[in-house]
Each structure stands twice: as C-alpha cells, then as structure tokens.
Amino acid sequence: MTGRELAETLKVSRAIVSKWTKEGLPCSYIGKVREARRGSRPRYDMDEVKAWLRSRSNGGGRGIAEDAALTVSRGVTFNQAVKEVMA
C-alpha cells in the first residue's frame, strides 16, 4: 500500500507516515530512488506496520502515544484509529 493509503487507513496525516518512515517504519521502495528521501516511492505491508506500531507502544521507541497529539483527524483520535487497525 502507498503512504497515502496507509495514512488514510490509520487516519493520520501523510507527514506522520513520512516521519515514521524516517524513524524506521518498515517499507519497500519501488523505482530508482530506494531510500527515504525526496522522490522515493515507499510501499507498506500492513502486517509489518502493525508489528512496528506494537513495538513502539510496548516501549520500543518514542511510542505511539506521543504522536497522538499530532494526529487528530476526521474526529477520531490517533489512538482510536490504531486500535481499530490493530483489531
């Protein structure tokens, strides 16, 4: 799935997905640019994304709770969106 699709699924901004990618969110790159930078085209696997989010919420990094203040959209809090996706 693309970054835009992932952002829509998690109900977060595209900027948050980009930030997470730079922080280690697992992805594969297609096209000529194969690293996190301008012009890259990352693709995400939902199972890997879920595992990464779980590891962050279990003390393996900054934690998803700290991103919650940055990611309220469509009347759903970030934590609610993650719980929906993880269910």
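The following paragraphs describe the nonpolar core, the first helix and one polar contact of a predicted model. Local features require pLDDT of at least 70 and side-chain atom pairs count only at pLDDT 80 or more, while totals for chains, interfaces and linings use all residues. Residues are numbered from 1 along each chain as its sequence is written, and side-chain values use heavy atoms, with hydrogens and water left out.

The largest nonpolar core (buried Ala, Val, Leu, Ile, Met, Phe, Trp, Tyr and Cys residues joined through side-chain atoms within 4.5 Å) has 13 residues. Those with the most contacts inside this core are Leu6, Leu10, Val12, Trp20, Leu25 and Val49. Two or more residues each are given by helices H1 (3–10), H2 (14–22) and H3 (46–57); helices are DSSP runs of H or I, at least four residues, numbered from the N terminus. H3 supplies the largest share, four residues. Beyond its neighbours within four places in sequence, Leu25 is in contact (heavy atoms within 4.5 Å) with Leu6, Val17, Trp20, Tyr44, Val49 and Trp52.

In H1, the buried residues (under 20% relative accessible area, 1.4 Å probe, protein chains only) are Gly3, Leu6, Ala7 and Leu10. Seen down the axis of H1, they fall within an arc of 100 degrees (taken from the directions from the helix axis to the C-beta atoms), so they line one face of the helix. Lys11, which follows H1, has a positive phi, near 60 degrees.

Helix H2 contains Thr21, a buried residue with a relative accessible area of 10%. The side chains of Thr21 and Tyr44 are joined by a polar contact of 2.5 Å; such a contact is a pair of N or O atoms within 3.5 Å, and within protein one must be able to donate a hydrogen and the other to accept it, with residues adjacent in sequence counting only if both atoms are side-chain atoms.

Conventions
Buried < 20%, exposed > 50% of the residue type's maximum accessible area, 1.4 Å probe, protein only.
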